[in-house]
Amino acid sequence: MIKVGLLGAGRIGKVHARSIVADQRSQLLAVADINAPAAQQLAATCGAKARSAQEIIADPGIDAVLIATSTDTHAALIEAAVHAGKAVLCEKPVDLDLERALACQAVAAQAGRPVMIGFNRRFDPHFAALKRAFDAGDIGKGELLSITSFDPVPPPASYVKSSGGLFRDMAIHDLDMACWLFAALPVSVTALGASIIDPAIGAEGDVDTAVITLGFADGRMAVIKNSRRAAYGYDQRVELLGATGLLSVGNVLENTLTRITSAGAHSAKPEYFFLERYMQAYAAEWRAFIDAVTAGTDYPVTLQDGVNALALAQAATLSCHSGKTVQLDGGRPVSAARPPEGAHTAAEGEGIPASAARPPEGAPASA
């Protein structure tokens, strides 16, 4: 039985608590949150105790910690947990600052403790089925990947202010998805974004609508479309065109009823938001983590994967702000196309450290 401490009792912490309790191989012993009543309430619901994060990490009777706190605390908690010898699953991103994420990675490596990052969409049964079919050669070589990710409603400007922006907060899932499906890292990133939904988001210096194009060394391409507003619900689709066919995953609907009359056909809307759409994925993610901890095998999503996705999010932010395509070499922008007339040019030296992006385990050399 893996004894677990949960750091974070907010919306996503409650989702993770459910997964921990549902797995018979794990036991939730303690919950921490800066909001003490929230920690106490969740702990009572799960038969656990409310304790401080420091107490949980220092407790030798706790084998693993799941970090679901605010992003600005992730790196420090990861470092403390690996020094204490804990198994760690941390929500994405590692940090909003790439240099801080790299420093955290170095600490974990020195401690000799692996860390799993919570890119839960890899564990969605529908996307996982697409990945298996692609890896099995069902459509030959992949050529063009299209990822659609639209939220139902935009977040408040107060959230945007601390989120790190659309590319680090929202698109980072899709950037990881593209790398995972192609088992490679891109060599170029081009991003176009605008604030066309909510002026308050633009006033905070962020965008609410964006398109990212990733170019890979062997010519493959991925296009990511992001919007903070889809009036009909949470739109999550993937299409992968290959040499011999197409693989696609559509939306998960609120129900499967289709009504067809002389007036036309009607079906339910997509699930409303991520909690509904990805509840199965969160549970599968936890099971995969426990599988690895109990068997002593590699984590299916690594700290390096988290650093890679953050590096790409930073490149997309740079591209969007500068109006230039960012060329990558081992993660470092090395050249850029001439920006449009009047476009803002990024500050000299703004970019991605060369050590930031390494190919995923087993990725082809072209990565």
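At the start of helix α6, a side-chain oxygen of Asp124 comes to within 3.1 Å of the backbone nitrogen of His126. That is a good place to enter this structure, which is a predicted model. Helix α6 covers residues 125-135, and just after the helix comes Gly137, with a positive phi near 85°.

## The chain as a whole

Before going further, here is some orientation. The chain has 13 helices and 16 strands. Of its 367 residues, 50% count as buried. Among the contacts in the chain with a separation of 6 or more, 69% are accounted for by residues 24 or more positions apart.

## Helix α6 and its surroundings

Let us stay with α6 a little longer. Which residues of helix α6 are buried? They are Phe127, Ala128, Leu130, Lys131, Ala133 and Phe134. An α-helix has 3.6 residues a turn, so residues three or four places apart point the same way. The cover over the buried residues of α6 includes the strands β7 (142-150), β11 (235-242) and β12 (245-249), along with the helices α9 (171-182) and α11 (274-277).

The partner α9 deserves a closer look. The axes of α6 and α9 are 10 Å apart, and the two helices pack at an angle of about 30°. That angle makes α6 roughly parallel to α9. On the α6 side, Phe127, Ala128, Leu130, Lys131 and Phe134 take part, and they meet Met177, Trp180, Leu181 and Phe182 of α9. Sorted by kind, the residues of this contact are eight nonpolar, no polar and one charged.

## Helix α5 between two partners

Helix α5 (residues 98-111) offers another packing story, with α13 (residues 303-322) as one partner. The axes of α5 and α13 come within 10 Å and cross at roughly 170°. As a result, α5 is roughly antiparallel to α13. The crossing of α5 past α13 is left-handed. From α5, the contact draws on Leu98, Ala101, Leu102, Cys104, Gln105 and Ala108, while α13 supplies Leu303, Gln304, Val307, Leu310, Ala311 and Gln314. These residues divide into nine nonpolar, three polar and no charged.

Helix α4 (residues 71-83) also packs with α5, at an angle of about 5° and with the axes 9 Å apart. The pair α4 and α5 is therefore roughly parallel. Here Ala75, Ala76, Ile78, Glu79, Val82 and His83 of α4 make the contact with Arg100, Ala103, Cys104, Val107, Ala108 and Ala111 of α5. This contact has nine nonpolar residues, one polar and two charged. Cys104 and Ala108 of α5 are listed in the contact with α13 and in the contact with α4.

The three helix pairs can be set out together:

| Helix pair | Angle | Axes | Residues of the contact |
|---|---|---|---|
| α5 and α13 | roughly 170° | within 10 Å | nine nonpolar, three polar, no charged |
| α4 and α5 | about 5° | 9 Å apart | nine nonpolar, one polar, two charged |
| α6 and α9 | about 30° | 10 Å apart | eight nonpolar, no polar, one charged |

## A buried asparagine

Asn226 sits in strand β10 (residues 221-227). Is Asn226 buried or exposed? With a relative accessible area of 1%, which is under the 20% cut-off, Asn226 is buried. Its side chain makes a polar contact of 2.9 Å with the side chain of Asp174. Beyond its neighbours within four places in sequence, Asn226 is in contact with ten residues' worth of company that includes Ser149, Phe150, Leu166, Met170, Asp208 and Ile212.

## Loops and backbone turns

Most residues other than glycine have a negative phi, and most peptide bonds are trans. Two places in the loops are worth visiting with that in mind. Lys92 and Pro93 are joined by a cis peptide bond, with omega about -15°; Pro93 belongs to the loop between β5 (87-91) and α5. Ala183, although not a glycine, has a positive phi near 50°. Ala183 lies in the loop between α9 and β8 (188-194), and at 26% relative accessibility this residue counts as partly exposed.

Another loop residue is Ile34, found between β2 (26-32) and α2 (36-46). Ile34 is exposed, since its relative accessible area is 89%. From Ile34 to Gly10 the C-alpha distance is 10.0 Å, across 24 residues of sequence.

Conventions. Residues are numbered from 1 along each chain as its sequence is written. This is a predicted model: local features need pLDDT of at least 70, side-chain atom pairs count only at pLDDT 80 or more; totals for chains, interfaces and linings use all residues. Side-chain values use heavy atoms; hydrogens and water are left out. Helices (H or I, at least four residues) and strands (E, at least two) are DSSP runs, numbered from the N terminus. Buried means under 20% relative accessible area, exposed over 50%, partly exposed in between (1.4 Å probe, protein chains only). A polar contact is a pair of N or O atoms within 3.5 Å; within protein, one must be able to donate a hydrogen and the other to accept it, and residues adjacent in sequence count only if both atoms are side-chain atoms. Contact means heavy atoms within 4.5 Å. Axes are lines fitted to C-alpha atoms, for helices over the stretch in contact, and angles run from 0 to 180 degrees between N-to-C directions. Angles under 35 degrees count as roughly parallel, over 145 as roughly antiparallel, 65 to 115 as roughly perpendicular and the rest as oblique. A crossing is left-handed if the near helix is turned anticlockwise from the far one by less than a right angle, and right-handed if clockwise. Ala, Val, Leu, Ile, Met, Phe, Trp, Tyr, Cys and Pro count as nonpolar, Asp, Glu, Lys and Arg as charged, and the others, Gly among them, as polar.
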